Amino acid sequence: MNAMNREIPVPDVTVDGTGLLCVPLLLRLRKEIDGAGPGTVVQVIATAPAAPLDLPAWCHRTGHHYLGPVPDGERPAYALRIAALARLTRARAPWHADNSGG
């Protein structure tokens with residue numbers, strides 16, 4: 001490992017998004033991390049070509065912490081850490097804030 005790489009923690013949860021494009025991937029991710037506590041490390045397996053852009057953007061939008069690509073896997077994977085004060089998104093629209101208050 002070179003000095004530019006950061007070590008990714010062992011995941012607590014793995015979300016397999018193999019074959020899913022952006023929105024279905026984020027919907028699955030949103031569903032599978034629902035109820036996960038702050039600090040939970042999530043590994044997302046994502047073969048969508050836009051995943052390297054979409055996952056960090058979604059984390060930025062929601063407040064979760066994007067940790068980066070997971071090296072040396074058989075399939076492309078990325079890691080994030082659940083934030084304590086993450087902003088909710090709509091159940092069927094992962095890019096839109098959930099302003100329902102509940």
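Before I place any residue, let me say that helices and strands here are DSSP runs, a helix having at least four residues and a strand at least two, and that they are numbered from the N terminus. With that in hand, Thr 18 can be placed in the loop between strand E1, residues 13-17, and helix H1. Please keep in mind throughout that what we are looking at is a predicted model.

Let me start with the overall picture. The protein has two helices and six strands, and if you follow the chain from the N terminus the elements come in the order β-α-β-α-β-β-β-β. Taken along the principal axes, the C-alpha atoms fill a box of roughly 45 × 30 × 20 Å. For a chain of 102 residues a compact globule would have a radius of gyration near 13 Å, and the protein, at 13 Å, agrees with that.

Buried residues account for 34% of the 102 residues, while the surface that the protein exposes comes to about 6400 Å², with carbon and sulfur atoms supplying 55% of it. As for charge, there are 10 positive and 9 negative side chains, and the centres of these two sets lie 10 Å apart. If we take the contacts with a separation of 6 or more, 66% of them join residues that are 24 or more positions apart, and the residues I turn to now give some examples of contacts along and across the chain.

I return first to Thr 18, which is partly exposed, with a relative accessible area of 37%. Leaving aside neighbours within four places in sequence, Thr 18 is in contact with Ile 45, Thr 47 and Arg 75. Of these partners, Ile 45 is 27 residues away in sequence, yet the two C-alpha atoms are 6.2 Å apart in space.

Ile 45 also serves as a reference point for Glu 74, which is found in the loop between strand E3, residues 65-69, and strand E4, residues 77-81. Glu 74 and Ile 45 are 29 residues apart in sequence, and their C-alpha atoms are 9.7 Å apart. Is Glu 74 buried or exposed? Its relative accessibility is 83%, and because the threshold for exposed is over 50%, Glu 74 counts as exposed.

Now to helix H1, residues 22-33, where we find Leu 25. Leu 25 is buried, with a relative accessible area of 2%. Setting aside residues within four places in sequence, its contacts are Gly 17, Leu 20, Val 44, Ile 45, Ala 46, Ala 51 and Leu 55. From Leu 25 to Ala 46 there are 21 residues along the sequence, and 7.6 Å between the C-alpha atoms.

In strand E2, which covers residues 41-46, I would point you to Gln 43. Gln 43 has a relative accessible area of 18%, and since buried means under 20%, Gln 43 is buried. Beyond its neighbours within four places in sequence, Gln 43 is in contact with Pro 11, Val 13, Thr 14, Val 15, Val 70, Ala 77, Tyr 78 and Ala 79.

Further along, Ile 82 lies in the loop between E4 and strand E5, residues 89-90. What is the burial state of Ile 82? With a relative accessible area of 6%, Ile 82 is buried. Not counting residues up to four places away in sequence, Ile 82 touches Ile 33, Ala 36, Gly 37, Pro 38, Gly 39, Thr 40, Val 42 and His 64. One of these, Thr 40, is 42 residues from Ile 82 along the chain, and the C-alpha atoms of the two are separated by 5.3 Å.

Finally, the cysteines. How many disulfides does the structure hold? There are zero. A disulfide is a covalent bond between the sulfur atoms of two cysteines. Why, then, is Cys 22 without such a bond? The cysteine sulfur closest to that of Cys 22 belongs to Cys 59 and is 12 Å away, which is too far for a bond, given that a disulfide needs the two sulfur atoms within 2.5 Å. Cys 59, for its part, is in no disulfide either. Cys 22 is buried, with a relative accessible area of 18%, and Cys 59, at 1% relative accessibility, also counts as buried.

Key
Residues numbered from 1 in each chain as written. Predicted model: local features only at pLDDT ≥ 70, side-chain atom pairs only at ≥ 80, totals over all residues. Heavy atoms only, no water. Rg over C-alpha atoms; globule rule 2.2 N^0.38 Å. Buried < 20%, exposed > 50% of the residue type's maximum accessible area, 1.4 Å probe, protein only. Contact = heavy atoms within 4.5 Å. Areas by Shrake-Rupley, 256 points an atom, 1.4 Å probe, with all protein chains shown as cover. Lys, Arg positive; Asp, Glu negative; His and termini not counted. Charge placed at Lys NZ, Arg CZ, Asp CG, Glu CD.
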